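This briefing covers strand pairing, helix packing and the ligand shell of one model. Please read it alongside the sequence and the coordinates.

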Amino acid sequence: MLWKLIRHYLRPYSGQVVAVVVLQTLTTLATLYLPSLNADIIDEGVALGDTDYIWRTGGVMLVVALVQLVTAVFAVWFGARASMSVGRDLRKAVYSKVDSFSSEEIAKFGAPTLITRGTNDVQQVQMVLLMTLNFVVMVPIMSVGGIVMAIREDPGLSWLVWASVPVLLVILVILMTILMPLFQKMQDAIDSINGVMREQIMGIRVVRAFRRERYETDRFTDANSTLTDISVRIGRLFVIMGPLVTIILHLATVAVLWFGGHRVDQNLVDVGSLTAFMQYLLQILVAVMMGTFMFMIFPRAIICARRIGEVLDTDTSVLEPTSPRVPDSTDGAVEFRNVSFSYPGADSPVIDEISFTARPGKTTAIIGSTGSGKSTLINLIPRLYDTTAGEILIDGVPVNSLSRSTLTGAVGLVPQRPYLFSGSVADNLRFGAPGATEEDMWEALDTAQATEFVKDRSTGSGDALATGLESAVSQGGTNVSGGQRQRLCIARALTARPRIYLFDDSFSALDVTTDANLRAALNNYTEGATVIIVAQRVSTITEADQILVLEEGRIVDRGTHEELLASSDTYREIVDSQISQEELA
Ligand SMILES: Nc1ncnc2c1ncn2[C@@H]1O[C@H](COP(=O)(O)OP(=O)(O)OP(=O)(O)O)[C@@H](O)[C@H]1O
């Protein structure tokens, strides 16, 4: 998977990769040439007292060293640019993929791991690519070239090369096999820490309210110690690695001096050649060490690439139509035809053979006990999930034949759990209508009964003071009250002026008077549009044109409030449990 990802994402930067290969080759050749020139200076210049030769060869050495320096700098520059670009593109690919996911895939992975995969895991792949681009040419040329040059200087000592290199390679293989599973565990531990932290930060108020700090701290400490333990085990292996390589390097140097010294004594080799041999042997071992280091970070990158690949290879279960259809009319009629739906892995359907039509200009209300499937039913319309059987049509066209933009343009959803984004009030209101004017926004706020609190709102101080529409909203809308958040979410849907409004239990945090005022204003604002309201409170829906009573995913009764009062036991039970007859009158 690592190779597949790198090959695919590196393709647009092949020019830079070619530049790296050429420049690295030049750097390495220059590095390999320097000891040989040095040997010549010692054997031909110093030994024979030829000063001219020393100057000339010294000059060549200087030029070669300059070439080595310049090519090395540019090679690293191109390598860094290419790998950073690949990292950026990979992050973008993961982000776009996650963006295309339906709620099903998001739930399958979970938010924390998707965040780790799009950030930390991409970082690992980017780093291994950077290392590879830096060493991929240097390591093989330096090792093979170094061996050839060393043998050329003194074939009699070549056995030292054959003895030291395999020792390093064996260490490399052993470390690789121990490290692979540890790196997998490490990524899982990072996921788990992200998960625990995210849950604790999101649920901090509940944690405090229930005095669960100790329990949550223990949970975090557990996750943290697991990560620490794994990191320490990996660190230990790296710690052993350093001295082992250094010992081998020093032993090799001592061996060259010892055995080479005897050979110089016996006039089998010149001092210059022996010096060059020693430098070549060190170059070979350093190259092997770099290769080792490269391989050490490979296992982790392989695991990260696999995790990124899992995201990129997952197709969304909510597919865009290949040839989208455009409805003839834009009235906004919503029709359910024998719709059933089961959550993945569940044995029984949550929505069971539901058929109804929600007409333009009319309000359809859905009421039913907790868990009867009301939210699920609403979420099927904007395709947060796809139906498992039957069809949902908007203006006569099945929703899965509409393009994503047509569908989202037609539907304005106010979710059960209101969510606001960081930015200003205006940014949030313009979410579905980037071109909305201030007037549009105030009108929507008026209808949502939010004008007063937005007008009075101010955030920050001094230069950062922002008021009204420009006042700041924090991520998730945590700096406004539950009821205010709900009203801003309603205003956001209203600002977009869709043909179909879906209110999923959107009035529950409002007091009875605000709820009544809001519904009255809403009737004018949404005139001509299709309105579907899920409600817990019967008083919210008494004026609806049709009310569907849901029980265990089935419509058990339907009609107006009066009709249902007369005919439906289930509806009467709900009414009796909530409101007195006086309130209804
Ligand atoms: N993501 C999910 N995965 C699996 N089951 C789910 C999921 N979401 C909801 N359910 C189950 O589906 C059923 C219907 O849930 P739904 O949220 O649609 O009910 P609801 O009528 O809107 O309830 P409430 O009035 O409490 O909001 C419940 O039994 C619930 O446990």
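Ser340 of E1 has Ala389 as its bridge partner in E4. Strand E1 and strand E4 (residues 389-394) pair in the antiparallel sense over 5 bridges; strands pair if DSSP finds at least two bridges between them. This is a predicted model, in which local features need pLDDT of at least 70 and side-chain atom pairs count only at pLDDT 80 or more, while totals for chains, interfaces and linings use all residues. Residues are numbered from 1 along each chain as its sequence is written. Helices (H or I, at least four residues) and strands (E, at least two) are DSSP runs, numbered from the N terminus.

**Pairing of E1 and E2**

- Strand E1 (residues 334-341) is also joined to strand E2 (residues 351-358), by 5 bridges, and these two run antiparallel.
- Within this pair, Glu335 has Thr357 in E2 as its bridge partner.

**The six-stranded sheet**

- An open sheet of 6 strands follows the order E6-E11-E12-E3-E13-E14, and its pairing is mixed.
- Strands E6 (411-414) and E14 (554-559) stand at the edges with a single partner strand each, so one side of each has no neighbour in the sheet.
- Neighbouring strands of this sheet are turned against each other by 15° on average, direction ignored.
- At the E6 edge, E6 pairs with strand E11 (residues 500-504) in the parallel sense over 4 bridges, and Val414 has Phe503 in E11 as its bridge partner.
- At the E14 edge, strand E13 (residues 546-551) is joined to E14 by 5 bridges, and the two run antiparallel.
- Val549 stands opposite Asp557 in E14.
- E13 and E14 form a hairpin with 2 residues between them, and Glu552 in the turn has a positive phi of about 45°.
- Helix H16 (residues 482-495) lies across E6 and E11 and runs at about 180° to E6. Contact here requires C-beta atoms, placed from the backbone, to lie within 7 Å.

**Packing of H7**

- Helix H7 (residues 158-202) packs with helix H10 (residues 271-312) at an angle of about 20°, and their axes are 9 Å apart.
- H7 is therefore roughly parallel to H10. Angles under 35 degrees count as roughly parallel, over 145 as roughly antiparallel, 65 to 115 as roughly perpendicular and the rest as oblique.
- Axes are lines fitted to C-alpha atoms, for helices over the stretch in contact, with angles from 0 to 180 degrees between N-to-C directions.
- H7 and H10 cross in the right-handed sense (near helix turned clockwise from the far one by less than a right angle; anticlockwise is left-handed).
- The contact of H7 with H10 has 19 nonpolar, 4 polar and 2 charged residues. Ala, Val, Leu, Ile, Met, Phe, Trp, Tyr, Cys and Pro count as nonpolar, Asp, Glu, Lys and Arg as charged, and the others, Gly among them, as polar.
- The axes of H7 and helix H9 (residues 213-265) come within 9 Å and cross at roughly 165°, which means that H7 is roughly antiparallel to H9.
- The crossing of H7 and H9 is left-handed, and their contact has 26 nonpolar, 6 polar and 4 charged residues.

**Ligand shell**

- Tyr343, Thr370, Lys374, Ser375 and Thr376 come nearest among the 14 residues around the ligand; a residue is near if its C-beta atom, placed from the backbone, lies within 6 Å.
- Helix H11 (residues 374-380) gives the most to this shell, with 3 residues.
- By class, the shell has 4 nonpolar, 8 polar and 2 charged residues.

Conventions
Contact = placed C-beta atoms within 7 Å.
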